[in-house]
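I opened the notebook with a few places to look up. The entries below follow the order in which I went through them.

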Amino acid sequence: MRFGVLGPLEIRSADGEPISVGGPRPRALLVMLLLNAGHVVSVEQLIDGQYGEEPPAGAANAVQAQVSRLRRHLPDLIEFNGTGYRLAIDPDDVDVHRFERLVREGRHSAESLREALSLWRGEALADLPFGQAQAARLDELRLTAMEDLAEAELNQPEGTSVAELQRLVAEHPLRERLTGQLMRALHAAGRQGEALAAYERTRRVLADELGADPSPELAELHLALLRADRPRRRRPAAQLTSFVGREEELARLRAQQARLVTIVGPGGTGKTRLSVEAAPDGVFVDLSAGDQVAPAVLGALGVRDGGLQSFHSEDPVDRLVAALADQDVLLVLDNCEHVIDAAAALARTLLGECPRLRVLATSREPLGITGEVLVHLAPLTEDQAVRLFTDRARAVQPSFEVRPAVREICATLEGLPLAIELAAARLRTFGIDELATRLAEHGRFKLLSRGDRTAASRHQTLQAVVEWSWDLLTPAERELAARFSVFAGGASMEAVEAICGDLPDSLVDKSLVVAEGNRFRMSETVRLFCREKATPPNREHAAYFLDLAQRADPHLRRPEQLDWLARLSADHGNFLAALRWGAEHDRRTAMRLVAALAAYCFLAGRRGEVGSIASRLLGGPEEGLEEEYIMCVAYAIPRADQEDWDRAGEIIKAFDRALRYPFTAVVWGMSAGPTRTIRPDDPLLGADPWNHALIRLSETLLLWLGGVPAQAEADLVEVLGLFREVGERWGIAQGLDWLAELASWRGEWARAHSMWDEAIGLLGELGAGEEQADILIRRADARVRQGDLTSASADLALAADLSVDVSANVLLGRAEIARFRGDDDHCRALLQDTLAATREGFGADGMRAAVLAAMGRLDGDRACFKASLAAARASGLSPDLADATEAQAEAALLEGAGERAALLLGVAVAIRGTAMAGDPDVARAAAAARDLVGAEAFAAAYSRGASMTREEALTELSAACP
């Protein structure tokens with residue numbers, strides 16, 4: 001229900017039907033209740049408002065009767081509380097209250113003031129006989145609102161109504177503000193003489209009626225008109241913050257000689273701020289407020305619409321040409337994107353007709369005019385973003401210091417200046433670490449929802465920045481943007497055309513998509529926004545990238561593998577996105593992707609990133625996807641439970657056909673150990689040359705693990721040749737790595753390091769950081785045996801940097817170096833960390849054996865030595881058993897059994913298949929045993945052990961260490 005008192009009383013129902021409440025007394029009573037809507041009006045006030053100072057006898061009863069009458073028309077709205085009556089309605093349902101609110105809130109808003117004044121229908125409080133004081137107050141407020149409206153309109157390009165101001169000045173000749181506004185409006189319209197005449201009339205009225213002179217403000221305006229001063233051209237507003245991060249672009253703009261330069265970039269990149277810095281003396285035109293370009297430029301130049309008659313034209317473009325024809329002016333057209341066609345047309349006309357004019361435009365898309373020079377604003381670099389965040393943060397917290405979380409925040413916000421400034425402002429509420437956490441947990445749009453309340457609405461929140469760009473798109477462009485948002489990290493032309501149906505050229509023009517060579521990319525901020533607008537084509541996306549991975553797989557085992565790795569790496573984000581979607585919605589597709597990406601993830605060192613997704617795909621194979629299930633289990637280690645391990649192991653043992661993805665055997669072998677002995681005629685790997693080389697590599701590694709290093713080395717030379725023939729870098733690196741390891745056992749340090757250097761270089765070409773780390777750890781062990789602890793530490797540090805997590809092998813290597821340097825406490829702590837970091841699976845028993853042996857040596861603990869041997873026996877691998885046997889020799893020395901120690905050192909050589917050069921622990925144990933029993937007895941015992949077969953050595957070990 002709506003009520004009106006700014007004129008005769010008017011009541012309308014919710015559906016707009018008028019409601020009558022009877023005679024003048026009930027209407028007057030209702031007007032008083034409406035003036036106090038929501039508040040209690042005492043009976044005495046109601047009587048005074050109806051009868052004045054001489055109320056009749058029985059006035060109170062009359063009021064009660066009038067209330068009863070009103071209640072018949074307004075049921076349930078009038079309440080009595082013992083002292084008076086209250087109209088239970090929202091004050092905003094009454095025009096007078098709505099008028100006062102609009103005037104109060106929108107003093108400088110022409111739109112709000114027009115809405116407020118439109119509520120008046122005649123004389124205020126016409127039905128309230130004794131309401132003259134309130135009516136006068138409202139009339140004054142109405143007149144002030146008219147003045148405020150005129151002021152707001154004078155500040156707009158189209159100006160205000162001269163005729164309306166003339167009427168108001170005639171009705172209120174003593175109001176100098178109205179006279180000043182009329183003078184300014186006449187002057188802007190080119191009517192200089194009339195503006196001066198208006199001043200003279202007001203001066204005479206003031207003198208005749210009040211004996212006063214015009215106010216200093218009005219006199220100053222009159223003097224300005226006499227001097228023919230035109231309103232000043234609009235310059236950029238003075239900035240309240242420092243300029244950070246666009247120094248290179250600013251230098252380019254200042255050096256630019258072109259007549260039309262457009263700063264192009266997405267919303268929030270700082271186009272306006274850069275234009276202000278580049279053109280401090282330019283005529284600044286903000287085109288975001290309306291859709292009339294030429295009138296806005298006229299206003300910025302100080303030429304009002306309908307002005308200077310001498311131009312003989314009312315067309316704003318003609319008037320602009322006349323005004324700028326012979327002037328050196330830099331015109332800044334800011335925020336052209338939503339009036340791009342009109343802005344381009346005007347710029348083209350003005351530049352053609354005004355040879356001394358230059359234009360600097362800012363827009364989210366180019367104007368598209370011949371001769372236009374574009375300055376693209378990319379995101380800030382990491383250092384620039386950190387500088388900007390720090391500068392704005394110190395405005396909130398003067399003592400703010402840069403912390404790691406700052407770089408994390410700037411990276412999340414992709415170097416977008418506005419987003420960074422909004423984030424820095426949130427330090428009023430949150431600490432820097434909490435801000436980073438909330439940004440990750442709650443998302444950028446929710447957190448960055450408060451900005452400068454005086455800024456344009458499109459710049460007050462991150463959501464509004466992107467919304468502004470979205471609203472400028474056509475329906476077809478919005479659909480294309482929503483489909484494009486399915487890509488994570490960009491996409492190739494082929495992928496975009498396959499999934500979106502067309503290339504996003506128009507989105508590139510409008511700065512929503514960036515073209516980079518033959519790829520397209522959407523910022524994560526824009527992508528997240530677009531994904532909320534429509535469901536992206538996730539199924540088509542997953543199908544496309546599954547097909548790409550399957551097509552790429554064979555090429556990854558050929559000389560062209562670097563090209564294909566680069567192609568797949570460019571779409572790494574898309575593969576992960578497809579995997580995550582598949583894990584939630586299409587398990588079969590996700591399992592196929594895990595297997596198809598096996599070689600890529602392994603060669604590019606991306607294994608760890610797939611593990612968490614693969615773990616969600618366990619629970620048994622899908623029909624026809626047994627190989628894919630094996631790969632999911634291998635990637636999910638150590639998340640997979642024993643049941644999955646056992647099931648996958650049985651499947652691979654029973655395989656009687658060639659693998660669709662030969663790297664399955666590699667990944668499974670690296671994760672779970674040798675489950676199946678592969679022979680040259682095994683159908684598992686087929687007849688591919690790379691598969692044949694892999695079979696030979698598997699055989700040679702089994703020889704090495706089985707204590708036959710000499711034969712393994714001879715075979716590794718052949719394996720290396722096979723992989724070199726194929727041209728596959730991972731296989732070549734494997735051959736080089738293990739040949740280097742065997743060379744280091746013999747103390748051939750130069751040869752070993754040469755091969756390791758080549759292997760690390762090949763893996764570096766592949767980007768296989770995890771594989772490089774494994775080699776660096778083995779090389780660090782060799783450097784320790786060389787006595788070069790400093791280089792060993794450097795290798796371990798680099799291995800840690802290349803790994804997703806610091807591995808148990810790195811921790812063990814650091815612990816051993818600390819032990820050799822005599823830092824026992826640090827060594828002890830690192831050994832405990834190593835045990836905690838040891839993951840179950842292939843190699844875990846050998847790792848525990850090595851850690852326990854180091855603990856035994858550190859503290860002379862026989863129990864640790866014994867436990868070390870037990871772990872090595874559980875491993876069953878010859879290198880692990882040999883290392884544990886050498887530790888048993890040191891345990892024997894604790895008992896003074898020098899001859900047994902010598903024998904065990906020889907037995908270790910028999911188990912390993914060779915002696916290991918440079919081992920400081922073995923050298924120390926041998927020296928101690930020799931001192932106990934003499935050189936001759938030591939040599940005899942050592943030789944007896946070293947000359948045993950592997951089986952004899954294991955038997956002797958069982959007898960010596962039951």
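Where is Met183 found? I located Met183 in helix H8, residues 176–188. I note at the outset that this is a predicted model.

**Entry: Met183 and His222**

I checked the exposure of Met183 next. Its relative accessible area is 0%. The cut-off for buried is under 20%, so Met183 counts as buried. I then listed its contacts, leaving aside neighbours within four places in sequence. Met183 is in contact with Ala195, Ala198, Tyr199, Leu218, Leu221, His222 and Leu225. I also took one distance. Met183 and Gly193 are ten residues apart in sequence, and their C-alpha atoms are 9.6 Å apart in space.

His222 was on that contact list, and I followed it up. His222 sits in helix H10, residues 216–226. Is His222 buried or exposed? I read a relative accessible area of 18% for His222, so it is buried. With neighbours within four places in sequence left aside, His222 is in contact with Met183, Leu196 and Tyr199. Tyr199 is thus named for His222, and Tyr199 is named for Met183 too.

**Entry: Ala542 and Trp581**

I moved on to Ala542, in helix H26, residues 538–552. Ala542 is buried, at 1% relative accessible area. Which residues is Ala542 in contact with, leaving aside its neighbours within four places in sequence? I found Ala578, Trp581 and Thr589. For Ala578 I also noted the spacing. Ala542 and Ala578 are 36 residues apart in sequence, yet 4.7 Å apart in space, C-alpha to C-alpha.

I looked at Trp581 from its own side. Trp581 is in helix H28, residues 572–585. At a relative accessible area of 14%, Trp581 is buried. Not counting residues up to four places away in sequence, Trp581 touches Asn538, Arg539, Ala542 and Asp586. I tried a remote pair as well. Trp581 and Gly22 are 559 residues apart in sequence and 69 Å apart in space, C-alpha to C-alpha.

**Entry: H29 against H32**

I took up helix H29, residues 587–596, and helix H32, residues 626–636. Their axes come within 8 Å and cross at roughly 70°. That angle makes H29 roughly perpendicular to H32. I wrote down both sides of the contact. H29 brings Met591, Arg592, Val594 and Ala595. H32 brings Glu628, Tyr629, Met631, Cys632 and Tyr635. By class, the contact has seven nonpolar, no polar and two charged residues.

**Entry: helix H14**

Which residues of helix H14, residues 316–324, are buried? I listed Arg319, Leu320, Val321, Ala323 and Leu324. The buried residues of H14 pack against helix H13 (293–301), strand S8 (329–334), helix H15 (340–353) and strand S9 (357–363).

**Entry: positive phi**

I looked into two backbone angles. Most residues other than glycine have a negative phi. Asp76 is not a glycine, but its phi is positive, about 70°. Asp76 lies in the loop between helix H3 (59–73) and strand S4 (78–80). Asp76 counts as exposed, at 75% relative accessibility.

Asn335 also has a positive phi, near 65°. I found Asn335 in the loop between S8 and H15. Asn335 counts as buried, at 5% relative accessibility. On burial, then, I have Asp76 down as exposed and Asn335 as buried.

**Entry: cavities**

How many cavities of 30 Å³ or more does the structure hold? I counted two. The largest cavity has about 40 Å³ of space. Its lining is Glu337, Arg364, Glu365, Ser469, Leu472, Leu473 and Lys510. By class, that lining has two nonpolar, one polar and four charged residues.

The second largest cavity has a volume of about 30 Å³. Thr700, Leu701, Trp704, Ala712, Leu716, Trp738 and Leu742 line the second largest cavity. Helix H35 (689–705), helix H36 (709–726) and helix H37 (729–745) each give two or more residues to that lining. The largest share of the lining, three residues, comes from H35. I sorted the second lining by class: six nonpolar, one polar and no charged residues. Against that, the lining of the largest cavity has four charged residues.

Definitions and conventions. Residues numbered from 1 in each chain as written. Predicted model: local features only at pLDDT ≥ 70, side-chain atom pairs only at ≥ 80, totals over all residues. Heavy atoms only, no water. Axes fitted to C-alpha atoms, helices over the stretch in contact; angles between N-to-C directions. Helix = DSSP H or I, 4+ residues; strand = E, 2+ residues; numbered from the N terminus. Parallel < 35°, antiparallel > 145°, perpendicular 65-115°, else oblique. Contact = heavy atoms within 4.5 Å. Nonpolar A, V, L, I, M, F, W, Y, C, P; charged D, E, K, R; others polar. 1 Å grid on protein atoms, 1.4 Å probe; cavity = no way out; pocket = protein on both sides within 12 Å on 5 of 7 lines; lining within 4 Å. Points joined across faces, edges and corners; volume = space filled by probe spheres on them. Buried < 20%, exposed > 50% of the residue type's maximum accessible area, 1.4 Å probe, protein only.
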